[in-house]
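Subject: Handing over the structure with the ligand

Hi,

Here is the structure I promised to pass on to you. Please open it alongside this note.

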Amino acid sequence: MPNSAASTPTLSNAFTATDAQLARMASGLARHIAGDNTAGPFARRVVEHLPALRKELVQLYGHRDDFEFFLGGLLAMAYGQWRERSAELKALDDSRDGDPTWFQSQRMLGGVCYIDLFAGNLRGIEASIPYFQELGLTYLHLMPPFKCPDPHSDGGYAVSSYREVNPKLGSIADLRRVAAALREAGISLVLDFVFNHTSDEHAWAVGAKARDPKFQKYFFIYEDRAEPDAYEKHVREIFPDEHPGAFSQLPDGRWVWTTFHSYQWDLNYANPDVFSAMAGEMLFIANLGVEFLRMDAVAFIWKRLGTVCENLPEAHTLIRAYNALARIAAPALLFKSEAIVHPDDVLKYISPEECQISYNPLQMALLWNTLATREVNLLQHALEHRHNLPAGTAWVNYVRSHDDIGWTFADEDALLFNINGFNHRQFLNKFYVNRFPGSFARGVPFQDNPTTGDCRISGTAASLVGLEQHDPHAVARLLLLYSVVLSSGGVPLIYLGDEVGTLNYPDYINDHGKADDSRWVNRPPRDLTRHAQRHDPNTEAGRLYAGMQRLTKVRAATEAFAGGRLIAFWSKNPAVLGYMRPAPDGHVLVLANFSEFAQSVDAAVLSAMPASAPDLLGGTLVNLRQSVTLAPYQTLWLDCRGR
Ligand code: OTU
């Protein structure tokens with residue numbers, strides 16, 4: 001480890017030969033940290049990442065006279081936050097620096113829950129650690145725990161202070177303790193970075209309401225409809241049930257940009273003060289012991305008049321700038337992209353320089369699509385053409401999240417199979433709200449928009465696979481979905497409650513703060529009865545839980561499931577999904593039957609495979625020289641290594 005005596009001069013000399021402005025910036029910083037003989041690692045990382053940070057920020061703010069001053073202030077702030085970082089986290093920074101793909105292990109397994117609904121409060125989460133270990137979790141996403149308005153807070157996605165915990169859940173000290181206890185148990189804490197908007201009760205919004213000129217510039221606030229009308233010509237409506245368009249009116253007549261609810265005010269990142277202020281909040285959250293930040297609503301982060309104001313190039317520049325800053329001041333921190341948009345756009349957020357991991361909303365939506373159609377076409381195509389990611393990055397694959405299901409497949413992909421995207425979405429919506437003959441699903445509509453025909457689906461995984469209407473295949477269906485999520489690479493994510501088949505929670509409508517948002521139907525409180533049944537094989541919960549344990553344990557023990565690379569395998573049976581997970585000595589072949597009838601894969605299709613292969617899940621040896629038959633909704637993990 002370099003000490004300051006060696007590294008501070010390095011910092012002041014680092015760029016002298018290459019870039020005069022960087023050199024000036026670095027020597028300014030070197031003077032600032034001169035007395036600190038522990039600052040070596042920080043200085044070293046500045047030398048490594050300042051060029052990238054500056055390059056990104058120049059694109060956003062370089063036209064301003066005060067740019068160098070702004071960047072200098074940002075670095076000084078980052079240094080202040082780094083100093084606050086605990087010795088344990090600094091040690092983690094060093095070990096992660098040396099192992100950048102640690103999260104690609106086949107042992108990596110995620111879980112997500114609401115603190116209050118799952119465990120009451122943060123102490124309850126701490127007490128649940130043995131259960132998280134029983135599940136095999138190595139990653140836990142707690143929904144936003146910060147101070148928020150009451151009762152309407154969008155489940156915490158309207159943040160009133162990034163430095164205070166919602167008192168119903170505990171305190172900042174509790175959150176720090178939970179992070180440390182999880183880390184001790186081998187579980188990385190994941191929290192949201194809700195940086196597109198604050199709540200209207202955040203001090204910045206309160207200032208803006210009072211017409212404080214500094215804070216008015218933090219948001220998009222207009223005296224009349226001229227600019228809102230101009231923007232709204234091109235932007236989508238996200239929560240049309242709540243308010244039309246993208247703006248909400250304040251009591252004094254002004255209009256404020258609110259992509260989501262009226263109480264969620266979009267921040268204006270064209271103002272560099274907003275970038276700096278949120279950078280401070282980001283590093284504060286990192287220092288709580290957070291290892292992954294879920295970058296909420298990334299698509300909306302930058303606005304430009306005359307555009308759709310989604311997925312703009314500046315959004316990427318901005319996230320890369322935050323990433324470079326994290327590499328300097330909190331390098332153990334990684335980003336997860338939450339972009340529930342067209343698959344081409346989802347991909348653009350994923351790189352080691354931007355978001356190292358990303359939700360895979362396409363796989364999620366197509367899993368549900370395939371259950372409805374019993375045809376693997378679209379999912380198989382997605383695995384072949386849209387699955388493999390750049391080195392150093394990974395998907396977060398999932399069956400359900402706390403949000404709605406949006407049918408974000410590419411219409412151009414659908415057309416390849418003569419499927420009309422618009423009509424097909426109408427079908428899927430009907431199917432999942434049980435308005436289609438033969439449907440097993442008990443979902444409910446979310447943001448049903450009669451003008452555009454747009455609609456999304458709410459409902460827990462268990463209710464959507466048929467458990468609620470006692471469909472005999474429901475357990476197998478849910479295990480099938482998880483078998484794909486757990487074998488297709490990256491970080492699989494369990495929506496906690498799914499492992500015991502938690503049903504829809506219609507009682508949410510009795511809660512004033514939740515009644516107008518159907519997503520609460522898929523955010524049930526922990527089902528203690530099912531939880532208690534999980535070891536009883538005579539119950540649904542027990543059968544599901546045993547199946548989940550089998551899947552997660554076999555996966556963790558199978559190195560071929562590390563990383564994310566996958567080779568699509570067309571089974572030639574329209575209902576059977578296929579792919580290979582390559583390993584140094586062969587591969588594991590996954591075959592998954594998405595229909596309620598037995599299905600066969602022809603021997604001819606399997607001719608390049610070894611003569612026989614053990615099924616890692618069922619434990620039997622499968623002869624691949626004759627056609628292979630899968631039971632309804634069965635998955636085979638065929639071990640073709642070293643044979
Ligand atoms: C996210 O989702 C969160 O996951 C939601 O729970 C929040 O309500 C929202 O942001 C606001 O903070 O519209 O229906 O990618 O799909 O960002 C979910 C675009 C959402 C959106 C996504 C958003």
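Below I go through the ligand site, then the pockets, the cavities and two backbone details.

Please keep in mind throughout that this is a predicted model.

**The ligand**

Let me begin with the ligand and its neighbours. The ligand is surrounded by 19 residues. Asp154, Arg294, Asp296, Asp403 and Asp404 are the closest of these. Sorted by class, that shell holds 8 charged residues, 8 nonpolar ones and 3 polar ones.

Three polar contacts may interest you. A polar atom in the side chain of Asp403 is 2.4 Å from an oxygen atom of the ligand. For Asp154, the distance between a side-chain N or O atom and an oxygen atom of the ligand is 2.5 Å. His402 also takes part, with a side-chain N or O atom 2.9 Å from a ligand oxygen. How much of the ligand's accessible area does the protein cover? On its own the ligand has 490 Å² of accessible area, and the protein covers 97% of that.

**The pockets**

Where does the ligand sit? Its place is in the largest pocket, which has a volume of about 1,100 Å³. That pocket has 48 lining residues. Nearest its centre are Arg236, Ile238, Ile340, Thr408 and Arg456. The lining of the largest pocket breaks down into 16 charged, 13 polar and 19 nonpolar residues. Helix H19 (421-432) and strand S16 (454-458) each contribute at least two residues to this lining. The largest share comes from H19, with 4 residues.

The second largest pocket has a volume of about 560 Å³. It is lined by 32 residues, and Asp116, Cys148, Pro151, Ser153 and Asn166 are the closest to its centre. At least two lining residues come from helix H6 (115-119), and at least two from strand S3 (146-147). By class, the lining of the second largest pocket has 11 charged, 8 polar and 13 nonpolar residues.

**The cavities**

Now for the enclosed spaces. There are 4 cavities of 30 Å³ or more. The largest cavity holds about 180 Å³ of space. Its lining is made up of 20 residues, with Phe118, Leu496, Gly497, Pro524 and Arg526 closest to the centre. Strand S1 (110-113) and H6 each supply at least two residues of that lining. H6 thus turns up in two places, since it also supplies at least two residues of the lining of the second largest pocket. In the largest cavity, 11 of the lining residues are nonpolar, 4 are polar and 5 are charged.

The second largest cavity has about 80 Å³ of space. Which residues line the second largest cavity? They are Val235, Arg236, Ile238, Ala246, Trp257, Thr259, Phe300, Lys303, Val308, Cys309 and Glu310. Of these, 7 are nonpolar, 1 is polar and 3 are charged. You have met Arg236 and Ile238 already, among the residues nearest the centre of the largest pocket.

**Two backbone details**

Both of these involve residues named above. The peptide bond between Asp150 and Pro151 is cis, with omega at about 5°. Pro151 belongs to the loop between S3 and strand S4 (161-165), and is one of the residues closest to the centre of the second largest pocket.

Cys309 is not a glycine, yet its phi is positive, at about 60°. This residue lies in the loop between strand S11 (290-295) and helix H14 (313-329). Cys309 is also among the residues lining the second largest cavity.

If you want a place to start, try the ligand contacts at Asp154, His402 and Asp403, and then look over the rest of the largest pocket, where the ligand sits.

All the best

Conventions: Residues numbered from 1 in each chain as written. Predicted model: local features only at pLDDT ≥ 70, side-chain atom pairs only at ≥ 80, totals over all residues. Heavy atoms only, no water. Near = heavy atom within 4 Å. Polar contact = N/O pair within 3.5 Å; in protein donor to acceptor, adjacent residues only side chain to side chain. Areas by Shrake-Rupley, 256 points an atom, 1.4 Å probe, with all protein chains shown as cover. 1 Å grid on protein atoms, 1.4 Å probe; cavity = no way out; pocket = protein on both sides within 12 Å on 5 of 7 lines; lining within 4 Å. Sits in = over half its atoms within 2 Å of the grid points. Nonpolar A, V, L, I, M, F, W, Y, C, P; charged D, E, K, R; others polar. Points joined across faces, edges and corners; volume = space filled by probe spheres on them.
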